[in-house]
Amino acid sequence: MAKLVVDSRTMANPHAKQEREASQSAGLSRGPRAWLRMTGTYRSILLRLLGTYGTIVVLVFMLIAFSLVEPGTFATIGNFRNILNDMAIGTIVAGGLTVPLVAGDFDLSIGYVASFCGLLLVGLLSFNQLPIPVAILVVVAIGAVIGVINGIVVSKLGVNAFIATLGTGTLVVGLNYAYSGGIPLQLTHSREFTDVAIGRFWGVPHLIVIMTALLLILWVFLNRTVQGQHIKAIGISAESARRAGVAVDHSRIVAFACASTCAAIGGVLMASNLGSGQVTAGDGFMLTSFSAAFLGSAALKEGQFHILGTLIGVLTVAVGNNGLAMIGAPIFTQFLFAGLLLVVAVALSSIGRRYGRDS
Amino acid sequence: MAEAGAISPPQTPFVSVRGVKKTFGGVHALDAVSFDLYTRDIIGLVGDNGAGKSTLIKILSGALEATHGEIEVDGRPVSLAPPAEAQRLGVETVYQDLSLISGFTAAENVFLGRELASGRGPSMFRLMRRKAMANATAQGLDDLHIEIPGLRTRSVERMSGGQRQLVAIARAAFWGGKLLLLDEPTAALGVRESREVLELIKRLGARGLTIVMVTHNLEHLWQVCNRVIVMRRGRKVVDAMSRETSLEEVVAYITGAKEPSLAMPASTAVVE
């Protein structure tokens, strides 16, 4: 029986046979030859497992390794709290970005929206003396409106999301400079406002509480609500979904609104965390969010974006960076690590899927 | 002649298509096509590539709007676009490759766009009742004597082509479609799978559904259809009961070897 499986596998995939013959004739060293001699079935299963669980394996491996090397500094509750606290804002922005990604759309404007919203909030508090909750609501609503505009430009006007959000993002940068003149804004009454991000709730920093709550909301939204189901469907096939009666344009607009709203919340928390309005403080969130979401798409599910995956993506990079800093590795290693991890994880995931389809 | 008509039962048609035209740019994809559909009709819609079959199906399903002409359902003039409106009027469509969402389970596919949910208000606040949907799907497939393992858990991309097609057709029937439009339901299916799909189509016809089936496989057509409509270059060239014509004749009309002797009178045209 097993023999039969192997044979049919080899016949189904002529490359496997070619590779095997090539490796045998070339007389490769033991490792690669053994690897290539593995039957296609086992190799494909291994590759798929590696693609699906690779990121988590890396995460767990790092947690163990850093804990062994630096038990006194890395493996402490205080340090884990720091890791979660430092990654909270990035996770919120990346979690929001995950929604349009699930729908099949890119949003390049999130970083600029975060910067602008943070700055605007400081302005509203300092210049207009708005009460803190009102100012936050106004800023988050503006974020939502930017998202709705993104969605309308993409779905109703039919502009490619990449271009459309690049355009609206640049417009937001323009608004940012028009409002601030390119100069950071100082907070006049700081204490109360910085408490929004820095304060603690039963010993847990607010940032961690807010991150957890928002991720839970996003997860329920995508996985349990009707709207979330429609967003997933259009990400797989917009035309099929449309023909099944799904309001595609509406769903895309909602998805963009989610991303922008989360970016605005990220901007608010950033301003509160920094205690000032920085002109470009949130711009970097765009790239880190994309890498987290893509890294997450390779985790657990086969190349689909999902909230838990995005969290794993952010967490893996955060733990890696923290651990590398703890063992005193120079700062450039953090970038090497994050870049390499992303490329290898996504590559393994797509190779695994290719083998999965074959078998 | 006028009294006898081409279609025997003197009932009112369920759907009437009258003088439907569709142009893309300057191209006439459909040119004054008319026909009536009666309850329990299983119609094979055939024609060469570019004959206008797909355009006709898309108009009936609401995916396209006709440039000219009228469509009546139950004697009332209607507009079938968008697809949701066609569905509301009882028209369900199974497209060749676009009928199912590949990453979704059978149950999720059956309920896509019509999810059971608790709560009110916008769809982002309504929680899906996943168990209820899975149960209803299992029940629905059971009613049609379709057996598919793992319809709650397995995504349809992990199913065979035949199972996918059964799910897609069952979905259309599940929603109480009165007119079922099937685009190439047996294309790319094996012999046994084709037979299962054709059996299902027959069962649905026996239950009183009207079915229009686009196909290139005339053998399959003859197995299930009681009526044939042949399209050629955007026009209807034959509309006959399958027992009154033959496979050879239909092929001749499809290829153009045989032309209709006189301009085909629209079978709906009321003779006064």
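Start by selecting helix H14 of chain A, residues 307–326. H14(A) is mostly covered, with 16 of its 20 residues buried. The model you are viewing is predicted.

Check the length of H14(A) next. At 1.5 Å a residue, its 20 residues should span 28 Å, and the end C-alpha atoms are 28 Å apart, which agrees. Step just past the helix to Gly328(A). Gly328(A) takes a positive phi of about 80 degrees.

**H10 against H14, chain A**

Keep H14(A) and add helix H10(A), residues 206–224. Two packed helices are described by the angle between their axes and the distance between the axes. H10(A) and H14(A) pack at about 145 degrees, and their axes are 9 Å apart. Show side chains on both helices. From H10(A), the contact uses Leu215(A), Leu218(A), Trp219(A) and Leu222(A). From H14(A), it uses Ile307(A), Leu308(A) and Leu311(A). Colour this contact by class: seven nonpolar residues, no polar and no charged.

**H13, chain A**

Move to helix H13(A), residues 285–297. Its 13 residues should span 18 Å at 1.5 Å a residue; the end C-alpha atoms are 18 Å apart, which agrees. Of the 13 residues, 12 are buried, so H13(A) is largely enclosed by the rest of the structure. Pick out the buried aromatics, Phe285(A), Phe290(A) and Phe294(A). Buried residues of H13(A) also include Ser289(A), Ser291(A) and Ser297(A).

**Where chain A touches chain B**

Now display both chains. Here 19 residues of chain A are in contact with 24 residues of chain B. On the chain A side, the elements giving two or more residues are H10(A) and helix H11(A), residues 226–243. H11(A) supplies the largest share of that side, 11 residues. By class, the chain A side has eight nonpolar, eight polar and three charged residues.

**H8, chain B**

Cross to chain B and select helix H8(B), residues 247–255. Which residues of H8(B) are buried? They are Val250(B), Tyr253(B) and Ile254(B). They cover an arc of only 100 degrees around the axis, which puts them on the same side of H8(B). Rotate to the other side: Glu248(B) and Thr255(B) are exposed there.

Turn back to the buried residues and add their partners in chain B. These residues pack against strand S3 (42–47), helix H7 (218–224), strand S11 (227–232) and strand S12 (235–241). Last stop: Gly256(B), just after H8(B), where phi is positive at about 90 degrees.

Conventions. Residues are numbered from 1 along each chain as its sequence is written. Chains are lettered from A and ligands numbered from 1 in the order in which they are written. This is a predicted model: local features need pLDDT of at least 70, side-chain atom pairs count only at pLDDT 80 or more; totals for chains, interfaces and linings use all residues. A residue is buried if 20 or more other C-beta atoms lie within 10 Å of its own, exposed if 12 or fewer, and partly exposed in between; C-beta atoms are placed from the backbone. Helices (H or I, at least four residues) and strands (E, at least two) are DSSP runs, numbered from the N terminus. The arc is that of the directions from the helix axis to the C-beta atoms. Two residues are in contact if their C-beta atoms, placed from the backbone, lie within 7 Å. Ala, Val, Leu, Ile, Met, Phe, Trp, Tyr, Cys and Pro count as nonpolar, Asp, Glu, Lys and Arg as charged, and the others, Gly among them, as polar. The expected span of a helix is 1.5 Å times one less than its number of residues. Axes are lines fitted to C-alpha atoms, for helices over the stretch in contact, and angles run from 0 to 180 degrees between N-to-C directions.
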